[in-house]
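Student: Please give a close account of a single part of this model, the pairing of its strands and what leads on from it. I should like to follow it residue by residue.

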Amino acid sequence: MAGEPQIRCVNPADAAPPGGHYSHAVTAGGFVFISGQLPVLPCGTHAPEAYFATQANQALANLFAALAAAGASRQAIVKVTVYVTDIADWPVFNALYAQAMGEHRPARTVVPVPVLHHGYRIEIDAIALAG
């Protein structure tokens, strides 16, 4: 109908399906909203015992896959929120993130939390400009 908001839900074909009632990404109003991405392997396997760096790289890969499926690039990211269960992991994450983002420096928040789903140590969500 005319006047209805244009909202599109996106789930990358090369990622594990969402583990609940949500989409990996939603485009609306010129933005892409990426749901919290855990380090779930694309086949759906969970490996919460993996090293933090391995988890961080997989969570970033999942974030970038959702972003690409929504038709946006990592340079379009405007805000990132990172949840970690141990703030001592922040320096490792910061180095991996800087390598993944290159010169692009979106706004970012790192939040220490007591626990994440499946026993993971990191979860990442983001907001980007669409297209």
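Tutor: The account below moves from strand to strand and ends at a helix. The model is predicted, so local features need pLDDT of at least 70 and side-chain atom pairs count only at pLDDT 80 or more, whereas totals for chains, interfaces and linings use all residues. Residues are numbered from 1 along each chain as its sequence is written, and side-chain values use heavy atoms, with hydrogens and water left out.

Consider first the hairpin of S2 and S3 (strands are DSSP runs of E, at least two residues, and helices runs of H or I, at least four, numbered from the N terminus). Strand S2 covers residues 25-28 and strand S3 residues 31-37, and the two pair in the antiparallel sense over 4 bridges (pairing requires at least two DSSP bridges between the strands). Within this hairpin, alanine 25 has isoleucine 34 of S3 as its bridge partner. The strands are separated by 2 residues, and glycine 29 takes a positive phi near 60 degrees.

S3 also pairs with strand S6, residues 122-129, in the antiparallel sense, here over 5 bridges. Isoleucine 34, already met as the partner of alanine 25, has alanine 126 as its bridge partner in S6. Glutamine 37, for its part, stands opposite isoleucine 124 in S6.

S6 has a further antiparallel partner in strand S4, residues 77-84, to which it is joined over 7 bridges. In this pairing, threonine 81 stands opposite aspartate 125 of S6.

From S4 the chain can be followed into the loop between S4 and H2, where aspartate 86 is placed. Aspartate 86 is partly exposed, with a relative accessible area of 36% (buried means under 20%, exposed over 50%, partly exposed in between, with a 1.4 Å probe and protein chains only). Aspartate 86 lies 33 residues from alanine 53 in sequence, and their C-alpha atoms are 13 Å apart in space.

Helix H2 spans residues 90-101. Its 12 residues should extend over 16 Å at 1.5 Å a residue, and the end C-alpha atoms are indeed 16 Å apart (the expected span is 1.5 Å times one less than the number of residues). Phe93, Leu96, Tyr97 and Met101 are the buried residues of H2. Viewed down the axis of H2, these residues fall within an arc of 125 degrees, so they line one face of the helix (the arc is taken from the directions from the helix axis to the C-beta atoms).
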